[in-house]
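Reader: I am new to reading protein structures. Please take one part and look at it closely with me. Where should I begin?

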Amino acid sequence: MPLTFELCPGRMVGGNHPCFIIAEIGQNHQGDIKIAKEMIKMAKDCGADCAKFQKSNLSCRFNKQALERPYNSKNSWGETYSDHKRHLEFSHEQYRELQKYATELSIFFTASGMDEMAVRFLDEINVPFFKVASADTNNFPYLEETAKKGRPMVVSSGMQSMETMRRVYKTVKNHNQNFAILQCTSAYPLEAEDVNLRVITEYQKEFPDIPIGYSGHESGIYISVAAVALGAKVIERHVTLDKTWKGSDHAASLEPSELAELVRSIRLVERALGSGVKQMLPCEKPCHDKLGKSVVAKVKIPRGTVLTLDMLAVKVAEPMGVAAEDIFQLVGKTVTEDIEEDESVVPELVDSYGKKAKC
């Protein structure tokens, strides 16, 4: 059974606990705190467990040349990449305001700390867990510093190899027992043939003592629901209020109706997964009583006859006789009363049927 741990106060993940659903707002708020609040409320109303943002200290995350390069994309919010990113970056006080709003709505709030300074700030405001974005998963100094803070972690694995993920697992595990790894492919939007859901089962084999999840960038909800059927314990999906808005993430994001349907579908699949124990369930009894087959006499069988297989048949019978699957157990046993052709072979008419042999 995968490790179970408390990801957020009072909210366990792993094992048989419900899948933890993260609504990744990221920077789809367009740099507008009013929109950000609307998106937090949307995540709550749709049934997500957590509203997640992205926090950066730009000079720690990018070098000067990266920030100064011209940014002429249709998704640009400024002439340079620095201008663009600064437009989308909330201040510390704004993050505290958003966190307070999420608390008032009773939805968990966190962010991907995109650099060491951002992680320190998120630690200061006491987020319940750290999200490690795929771009930082192979940043081992960052990963180690984040793990040492002791908060639960959710680590995405886009752009990484299994060899790297083994190193990630060992690095985090050395400092922090409470973390999950998410299968992820870093493409926006993501085509189905590049999703590679089977990596979830490979991670379950490689890392059997931690929960495994899925971070998806595909269109629609079906693949994410399939991830839950494969055992994903954390699901993260980007969300938006309008897929036509400016920004590279919107096309790979879920609008409110889709997020709500994803949550409903995941909860339905979780109910359908069951216990894994195969047995006849109470709900099946009416069907069994009506159509379940049992043993009947193929021919007239006089009292005292030792049963052979050619005397017996399996039919829907009234009354219900010996269960069909037990027909071979009747062979060699003696009947205690006459049984007419096509009559049910009931247990009380067969000597020693169902009785344990004495030692």
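**A close look at Ile235**

Author: Begin with the surface. About 18000 Å² of the protein is exposed, and carbon and sulfur atoms supply 51% of that area. Keep in mind that this is a predicted model.

Now the overall form. The protein has 359 residues, and 48% of them count as buried. A compact globule of 359 residues would have a radius of gyration near 21 Å, but this protein has 30 Å. Along the principal axes, its C-alpha atoms fill a box of roughly 100 × 40 × 40 Å. The chain forms 13 helices and twelve strands.

Go to one of those strands, S10. Strand S10 covers residues 234-238, and Ile235 sits in it. Is Ile235 buried or exposed? The relative accessible area of Ile235 is 0%. Buried means under 20%, so Ile235 is buried.

What does Ile235 touch, leaving out residues up to four places away in sequence? One set of partners is Cys19, Phe20, Ile21 and Ile22. Tyr214, Ser224, Ala227 and Val228 are also touched by Ile235. Leu262 and Ile266 complete the list. Val263 gives a distance to check: Val263 and Ile235 are 28 residues apart in sequence, and their C-alpha atoms are 9.8 Å apart in space.

Now widen the view to contacts in the whole protein. Take those with a sequence separation of 6 or more: residues 24 or more positions apart account for 64% of them.

Compare another strand residue. Ser112 belongs to strand S5, residues 108-113. Ser112 has a relative accessibility of 1%, so it counts as buried. Set aside its neighbours within four places in sequence. Ser112 is then in contact with Glu24, with Lys52, Phe53, Gln54 and Lys55, and with Leu122, Lys131 and Ala133.

Lysine and glutamate bring up charge. The protein has 45 positive and 49 negative charges, and the mean positions of the two sets are 3 Å apart.

Cys19 brings up the cysteines. How many disulfides does a search of the whole structure find? The search finds zero. Take Cys8, which is in no disulfide. The nearest cysteine sulfur belongs to Cys50 and is 5.6 Å away. A disulfide needs the two sulfur atoms within 2.5 Å. Cys8 is buried, because its relative accessible area is 1%. Cys60 has a relative accessible area of 41%, so Cys60 is partly exposed.

Finally, return to Ile235. Ile235 lies in strand S10, is buried, and has Phe20 and Leu262 among its contacts.

Technical notes. Residues numbered from 1 in each chain as written. Predicted model: local features only at pLDDT ≥ 70, side-chain atom pairs only at ≥ 80, totals over all residues. Heavy atoms only, no water. Buried < 20%, exposed > 50% of the residue type's maximum accessible area, 1.4 Å probe, protein only. Helix = DSSP H or I, 4+ residues; strand = E, 2+ residues; numbered from the N terminus. Rg over C-alpha atoms; globule rule 2.2 N^0.38 Å. Contact = heavy atoms within 4.5 Å. Areas by Shrake-Rupley, 256 points an atom, 1.4 Å probe, with all protein chains shown as cover. Lys, Arg positive; Asp, Glu negative; His and termini not counted. Charge placed at Lys NZ, Arg CZ, Asp CG, Glu CD.
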